[in-house]
Amino acid sequence: MEIQQVNSEKKGQFEALDKGIQAGVLAYVWAGPGKFIIDHTEVNQDFAGKGVGKKLVMAAVNYARENKIKILPLCPFAKSVFDKTPEIQDVLF
């Protein structure tokens, strides 16, 4: 599975692709310099239960760490991953 990032000035997303098929997507909006809000995570039904959503959240966390960015997870799924994973809470704002 490959995760790609698409980013613009106002918003962006991480896409999980498996053999060219979109397995899931995590969407975010920029909330000023150095901050973004995860507002939606969605996994293709064919990939449900395979950890795609968590992989997308972890890709966002890794991006945030590499670029010294903070994250606000408003999406219920992303928030639950942050709540259950203390080691990634360093990127929260």
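This section describes the strands, the nonpolar core and selected charged and polar side chains of a predicted model.

The strand pairing is taken in order along the chain. Strand β1, residues 2-7, pairs with β2 in the antiparallel sense, and six bridges join the two. Within this pairing, isoleucine 3 has alanine 16 of β2 as its bridge partner. The two strands form a hairpin, with three residues between β1 and β2. Strand β2 also pairs with strand β3, residues 21-30; these strands run antiparallel and are joined by eight bridges. Here leucine 17 stands opposite glutamine 22 of β3. A hairpin is again formed, with two residues between β2 and β3, and lysine 19 in the turn has a positive phi of about 55 degrees.

Strand β3 pairs in turn with β4, antiparallel and over seven bridges. Valine 29 stands opposite isoleucine 37 of β4 in this pairing. The hairpin of β3 and β4 has four residues between the strands, and glycine 32 in its turn has a positive phi of about 105 degrees. The pairing of β4 with strand β5, residues 70-73, is parallel and comprises four bridges. Isoleucine 38 has proline 73 of β5 as its bridge partner.

Isoleucine 38 is also a member of the largest nonpolar core, where it is listed among the residues with the most contacts inside that core. This core has 24 residues, and the others with the most contacts inside it are Phe14, Leu26, Phe36, Val57, Ile71 and Phe82. At least two core residues are supplied by each of β2, β3, β4 (35-43), α1 and α2. Helix α1 gives the largest share, eight residues. In soluble globular proteins, nonpolar side chains tend to be buried together. Valine 57 was examined for its contacts beyond four places in sequence; the residues touched by valine 57 are Leu26, Phe77, Ala78, Val81, Phe82 and Ile88.

Glutamate 15 was considered next. This residue is found in strand β2, residues 11-18. Glutamate 15 is buried but has no salt bridge. The nearest side chain of opposite charge belongs to lysine 11 and is 11 Å away, whereas a salt bridge requires a nitrogen of Lys or Arg within 4 Å of a carboxyl oxygen, so the cut-off is not met. The side chain of glutamate 15 does make polar contacts with side chains of glutamine. One is with glutamine 13, at 2.7 Å, and another is with glutamine 22, at 3.4 Å. Glutamine 22 is also the β3 residue that stands opposite leucine 17. Leaving aside residues up to four places away in sequence, glutamate 15 touches Glu2, Ile3, Gln4, Val6, Gln22, Gly24, Val25 and Leu56.

Two salt bridges are found in a search of the whole structure. In one, the side chains of arginine 65 and aspartate 90 meet at 2.7 Å, N to O. This pair links distant parts of the chain, with arginine 65 in helix α1 (residues 52-66) and aspartate 90 in the segment after α2 (76-84), 25 residues apart. Arginine 65 counts as partly exposed, at 35% relative accessibility. Aspartate 90 is likewise partly exposed, and its relative accessible area is 42%. In the other salt bridge, lysine 79 is joined to aspartate 83, with 3.0 Å between the closest N and O atoms. Both of these residues lie in helix α2, four residues apart, or about one turn of the helix. Lysine 79 has a relative accessibility of 40% and therefore counts as partly exposed. Side chains of opposite charge can pair when their charged atoms come close.

The last residue described is histidine 40, which lies in strand β4. Its relative accessible area is 35%, so histidine 40 is partly exposed. The side chains of histidine 40 and glutamate 42 are joined by a polar contact of 2.8 Å. With residues up to four places away in sequence set aside, histidine 40 touches Val25, Leu26, Ala27 and Cys75. Of these, Leu26 is also touched by valine 57, and Val25 is also touched by glutamate 15. Histidine 40 and aspartate 18 are 22 residues apart in sequence, and their C-alpha atoms are 20 Å apart in space.

Conventions:
Residues are numbered from 1 along each chain as its sequence is written. This is a predicted model: local features need pLDDT of at least 70, side-chain atom pairs count only at pLDDT 80 or more; totals for chains, interfaces and linings use all residues. Side-chain values use heavy atoms; hydrogens and water are left out. Buried means under 20% relative accessible area, exposed over 50%, partly exposed in between (1.4 Å probe, protein chains only). Lys and Arg count as positive and Asp and Glu as negative; His and the chain ends are not counted. A polar contact is a pair of N or O atoms within 3.5 Å; within protein, one must be able to donate a hydrogen and the other to accept it, and residues adjacent in sequence count only if both atoms are side-chain atoms. Contact means heavy atoms within 4.5 Å. Two strands pair if DSSP finds at least two bridges between them. A nonpolar core is a set of buried Ala, Val, Leu, Ile, Met, Phe, Trp, Tyr and Cys residues joined through side-chain atoms within 4.5 Å.
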